[in-house]
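Trainee: I have a model open and would like to learn how to read its interior. Could you walk me through it?

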Amino acid sequence: MNFWENVFVETAARYSVAVLCLLVFLVVFELVTSYKNWDEIKKGNLSVAMATGGKIFGIANIFRYSIEHNDTILQSIAWGGFGFLLLLFGYFIFEFLTPTYKIDQEIANDNRAVGFISLVISVGLSYVIGSSIQ
């Protein structure tokens, strides 16, 4: 049996790639928000924690579908990246559809209702995105 065909090696490889992509995508989210996620979480901002947790769950869920429906790691990365872009687009749509206030400012100010809705949007969209991955 080839080393790279071993189920444990393949699982470890897919896991490592998904975690690396998760970290990269979280950096992108950090760049597009007006607040610093980890600084706010350290201060106890529950709204930021919920919004960030929703993003982490959303990205991981997209990769779950991507891994399930693709044979190679490169295909999984491509579909996971595309799914992330759709999730990011959903974030901007959420901001656009609420013109009377700024989502980022509300989350930074620990508006827990907005933080919770942000979490639910990320999780919900990840299922929609994931279900369409080929």
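**Reading the inside of the model**

Mentor: Happy to, and keep in mind that this is a predicted model. Let's begin with one residue: Thr98 has a relative accessibility of 14%, so it counts as buried, the cut-off being under 20%.

Trainee: Where is Thr98 placed?

Mentor: Thr98 sits in the loop between H4 and helix H5 (103–108).

Trainee: Which backbone atom does the side chain of Thr98 reach?

Mentor: The Thr98 side chain reaches the backbone oxygen of Glu95, at 3.2 Å.

Trainee: Thanks! Now, how should I think about a nonpolar core?

Mentor: Here is the general idea: in soluble globular proteins, nonpolar side chains tend to be buried together. In this model the largest nonpolar core has 16 residues, and those touching the most other members are Phe25, Phe29, Ile59, Ile62, Phe63, Phe84 and Leu87.

Trainee: Which elements give two or more residues to this core?

Mentor: They are H1, H3 and H4. H1 gives the most, with six residues.

Trainee: Could we look at one member in detail? What does Phe84 touch?

Mentor: Leaving aside residues up to four places away in sequence, Phe84 touches Phe25, Val28, Phe29, Ile59 and Ile62. Apart from the largest core lies another core, of seven residues, including Tyr35, Val48, Phe94 and Ile103.

Trainee: And empty space? How many cavities of 30 Å³ or more are there?

Mentor: A cavity is a space where a 1.4 Å probe fits but cannot get out. The count here is two cavities of 30 Å³ or more, and the largest holds about 70 Å³ of space.

Trainee: Which residues line the largest cavity?

Mentor: Its lining is made up of Phe29, Lys55, Leu87, Gly90, Tyr91, Phe94, Ser118, Ile121, Ser122 and Leu125. Helix H4 (73–96) and helix H6 (112–131) are the elements that give two or more residues to this lining. By class, the lining residues are six nonpolar, three polar and one charged.

Trainee: What is the volume of the second largest cavity, and which residues line it?

Mentor: The second largest cavity has a volume of about 40 Å³. Around it are Arg14, Val17, Ala18, Phe63, Ile67, Ile73, Ser76 and Ile77. Helix H1 (7–32), helix H3 (46–69) and H4 are the elements that give two or more residues to that lining.

Trainee: How does the lining of the second largest cavity divide by class?

Mentor: There are six nonpolar residues, one polar and one charged.

Note on methods:
Residues are numbered from 1 along each chain as its sequence is written. This is a predicted model: local features need pLDDT of at least 70, side-chain atom pairs count only at pLDDT 80 or more; totals for chains, interfaces and linings use all residues. Side-chain values use heavy atoms; hydrogens and water are left out. On a 1 Å grid over the protein atoms alone, a cavity is a set of points where a 1.4 Å probe fits but cannot get out, and a pocket is an open set with protein on both sides within 12 Å along at least five of seven lines; lining residues have an atom within 4 Å of a point. Grid points are joined across faces, edges and corners, and a volume is the space filled by probe spheres set on the points. Helices (H or I, at least four residues) and strands (E, at least two) are DSSP runs, numbered from the N terminus. Ala, Val, Leu, Ile, Met, Phe, Trp, Tyr, Cys and Pro count as nonpolar, Asp, Glu, Lys and Arg as charged, and the others, Gly among them, as polar. Buried means under 20% relative accessible area, exposed over 50%, partly exposed in between (1.4 Å probe, protein chains only). A polar contact is a pair of N or O atoms within 3.5 Å; within protein, one must be able to donate a hydrogen and the other to accept it, and residues adjacent in sequence count only if both atoms are side-chain atoms. A nonpolar core is a set of buried Ala, Val, Leu, Ile, Met, Phe, Trp, Tyr and Cys residues joined through side-chain atoms within 4.5 Å. Contact means heavy atoms within 4.5 Å.
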